[in-house]
Amino acid sequence: MMLETATDTGKERFKTREMSLIGQAPAKELDVRMETRDLSVRYGQVKAVKSVSVPVYNKMVTALIGPSGCGKTTFLRALNRMHDLTRGAVITGKVLLDGNDIYHPKVNPVTIRRRIGMVFQKPTPFPTMSIFNNVVAGLRLVGIKDKKFLNEVCEKALTSAALFDEVKDRLSSPGGSLSGGQQQRLSIARALAIEPEVLLMDEPTSSLDPQSSARIEDLIHELKENYAIVIVTHNLQQAGRVSDYTGFFYLGELIEFGETEKIFTNPVNRKTEEYLTGKFG
Amino acid sequence: MIAIEERVSLKRRNLWGRFMVMLLVLSTLIVMIPLLIIIGYVIINGIGALNWEFFTEELGSPARAIQGRPTGLVHTIIGTLVVDTMALIIAAPVGLGAGILLSEYPDHRLNPPLRIINDTLNGMPAILKGLLAFSIIVKPMGTFSGLAGGVALAFVMIPIIARATESALMSIPWSIREAGLAIGLPRWRVVLSTVMPAARTGLVTGFLIAFARAAGEAAPLMFTSFGNNYLPRHWTGMIFGPVDTLPQRLYSLAISPYREWHTMGWAAGIVLMVFVIGLFITARLMTRGRRY
Ligand SMILES: Nc1ncnc2c1ncn2[C@@H]1O[C@H](COP(=O)(O)OP(=O)(O)O)[C@@H](O)[C@H]1O
Ligand SMILES: [Mg+2]
């Protein structure tokens, strides 16, 4: 399916479109947490994302796939205003969180980023901070001092990120002392500690060994009970394993979007099919 | 055929390469020789005056030196430390702030003018900075003072600290900042709590280099901290009264008509040199251990 330029509004649009796509009513009531409307991003004159309209459902994993350079990262970063500090990045269109435009001039980007967490492609622990301080950085550094509370949050976040048992005896050693896979789970724990509502992950396993990748995939499965998750991956198997919905990007456009199973078994667009069968990308 | 030609040209390139390396070694030596001559000359001429009293006695009148009574530069060494430290206390926050703005807020409206001002200040002759301190501190206070000297040297330190801070912060990967933003920290908090701690070695190195550069300046101190043959009676005299400092004392001793004082001037040169070289070496060693 080609998502034509959106003119209608609201959650209903996606629901009806979804139904027509699948050919039957969705099993679960779909709860749209976020959506983009005609979202475009350009760097100077280069258009990296072209008029993308897509929903992000609550308690679902949405995978974004597509060949490298097709604008997946650019799109993802637009969802929590990470482009605000990128020189030359210009964003048009709308990004709605629970129906409210996150780019509205009155909206504080800091608040948005606390509600929409992000995990980057490369693990990014704060090198000089201890593991504990890394995890609770988003709380401690905005003035939350209650040690007991921070301890609880730290343990909970590390447990959610499946890292607690490995580091519980050395919470005071620096974050940089962990292995790559552990550092990525630390980055996830740090994102979870501020209890966001949406979690964005940009190829979170691309720099990890298969074992660590598998752990993170398991983690995504557990996390989706409580979050809306968007994961960028160019590992198709991974997209198939972890996601409920999949969007296929090509040259900055969202070519096709729908239930993962549907997209993988019976894509509508020829480009999608070519990509999924390994003809390019 | 081609193979042989390649081999010949490879040989020629090897020779050429070796010749260039030799040129590099030679120019290194040419750079080092004046340094060694200065160090050697200062030590030979000054070592005679470097005794215990040099570090424990005040200078007093020329008669002391001429009559062989105990005399020294303890007040100069203390004065130097006090004035330079005051300068650093004034310059560190200002330079740090400027460096942060230069590195972290490239789109800030004040960024371009600040860069120009900082470069200009960096290139401005130190004696003019002394003149500035003279007119804003000495004139209103009606007296030469350590504080005025500190302000003059702060003007020397500020642009150096600002530049060092900027480059130390820029050496921290951008991803660290984004990680901070992504957990909902405001921009200033990201800089303060994630970027600056990661860059702390570079920041301290900048302070040391600025300190060492300012410690060698004589001109801006001549009409600010002025000089003093004695320790002030009360420690506040170090801030609000005229204070002796090594570079300025070195100059006064050197232009004095007394041979004994000339030797003491050389000895002051040794102390200043050890102090400054020590600071630079410390800065160097710290940079080597940097993680970023
Ligand atoms: N900061 C930037 N400045 C200019 N161009 C960029 C920047 N980041 C990405 N691009 C360009 O935008 C396009 C999309 O990049 P990206 O979103 O990283 O793709 P993907 O994540 O799918 O590999 C590419 O052509 C890339 O070169
Ligand atoms: Mg990418």
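The following dialogue reads several features of a predicted model, from confidence to backbone angles.

Colleague: Which part of chain A has pLDDT under 50, and how should such a part be read?

Modeller: Where pLDDT is low, the predicted coordinates should not be read in detail. In this predicted model, pLDDT stays under 50 over residues 1–26 of chain A, a stretch for which the model has 29 contacts beyond four places in sequence. Chain A as a whole averages a pLDDT of 89, and 90% of the residues score at least 70.

Colleague: Which residues surround ligand 1, and which elements give two or more residues to the shell?

Modeller: The shell is made up of A:Tyr43, A:Val46, A:Ala48, A:Gly66, A:Ser68, A:Gly69, A:Cys70, A:Gly71, A:Lys72, A:Thr73, A:Thr74 and A:Thr86. Two elements of chain A, β2 (46–57) and α2 (72–78), each give two or more residues to this shell, and the largest share, three residues, comes from α2(A). Sorted by class, the shell around ligand 1 has four nonpolar, seven polar and one charged residues.

Colleague: Turning to the strands, which residues of β6 in chain A lie on each side, and are they buried or exposed?

Modeller: A useful reading takes the two faces of a strand in turn. In strand β6 (residues 116–119) of chain A, A:Ile116 and A:Met118 lie on one side and A:Gly117 and A:Val119 on the other, and all of them are buried, which leaves both faces covered. Strand β6(A) is joined by four bridges to strand β7 (residues 198–202) of chain A, and the two run parallel; within this pairing, A:Val119 stands opposite A:Met201 in β7(A).

Colleague: How many residues does the contact between the chains take from each of them, and which elements of chain A give two or more?

Modeller: The contact takes 19 residues from chain A and 16 residues from chain B. On the side of chain A that touches chain B, the elements giving two or more residues are α3 (109–115), β6, α5 (137–140) and α8 (180–193), with α3(A) giving the most, three residues. By class, that side of chain A has eleven nonpolar, four polar and four charged residues.

Colleague: What does the secondary structure of chain B come to, and why is the chain described as more spread out than a compact globule?

Modeller: Chain B has 13 helices and zero strands. Its radius of gyration is 24 Å, well over the 19 Å that the globule rule gives for 292 residues, so chain B is more spread out than a compact globule. Along the principal axes, the C-alpha atoms of chain B fill a box of roughly 85 × 60 × 30 Å. Buried residues make up 40% of the 292 residues in chain B, and, of its contacts with a separation of 6 or more, 74% are between residues 24 or more positions apart.

Colleague: Which residues of helix α12 in chain B are buried, and what do they pack against?

Modeller: In helix α12 (residues 246–255) of chain B, the buried residues are B:Leu246, B:Pro247, B:Gln248, B:Arg249, B:Leu250 and B:Leu253. These buried residues of α12(B) pack against α3 (74–104), α10 (219–222) and α13 (259–288) of chain B.

Colleague: Finally, where are A:Asp38 and A:Lys59 found, and what is the phi of each?

Modeller: Most residues other than glycine have a negative phi. A:Asp38, which is not a glycine, has a positive phi of about 50° and is found in strand β1 (residues 32–43) of chain A, where A:Asp38 is partly exposed, with 14 other C-beta atoms within 10 Å. The phi of A:Lys59 is also positive, near 55°; A:Lys59 is in the loop between β2 and β3 (61–65) of chain A, and counts as partly exposed with 16 C-beta neighbours inside 10 Å.

Note on methods: Residues are numbered from 1 along each chain as its sequence is written. Chains are lettered from A and ligands numbered from 1 in the order in which they are written. This is a predicted model: local features need pLDDT of at least 70, side-chain atom pairs count only at pLDDT 80 or more; totals for chains, interfaces and linings use all residues. A residue is near a molecule or strand if its C-beta atom, placed from the backbone, lies within 6 Å of it. Ala, Val, Leu, Ile, Met, Phe, Trp, Tyr, Cys and Pro count as nonpolar, Asp, Glu, Lys and Arg as charged, and the others, Gly among them, as polar. pLDDT is the predictor's confidence in each residue, from 0 to 100. Two residues are in contact if their C-beta atoms, placed from the backbone, lie within 7 Å. A residue is buried if 20 or more other C-beta atoms lie within 10 Å of its own, exposed if 12 or fewer, and partly exposed in between; C-beta atoms are placed from the backbone. Two strands pair if DSSP finds at least two bridges between them. The radius of gyration is taken over C-alpha atoms; the globule rule is 2.2 Å times the number of residues to the power 0.38.
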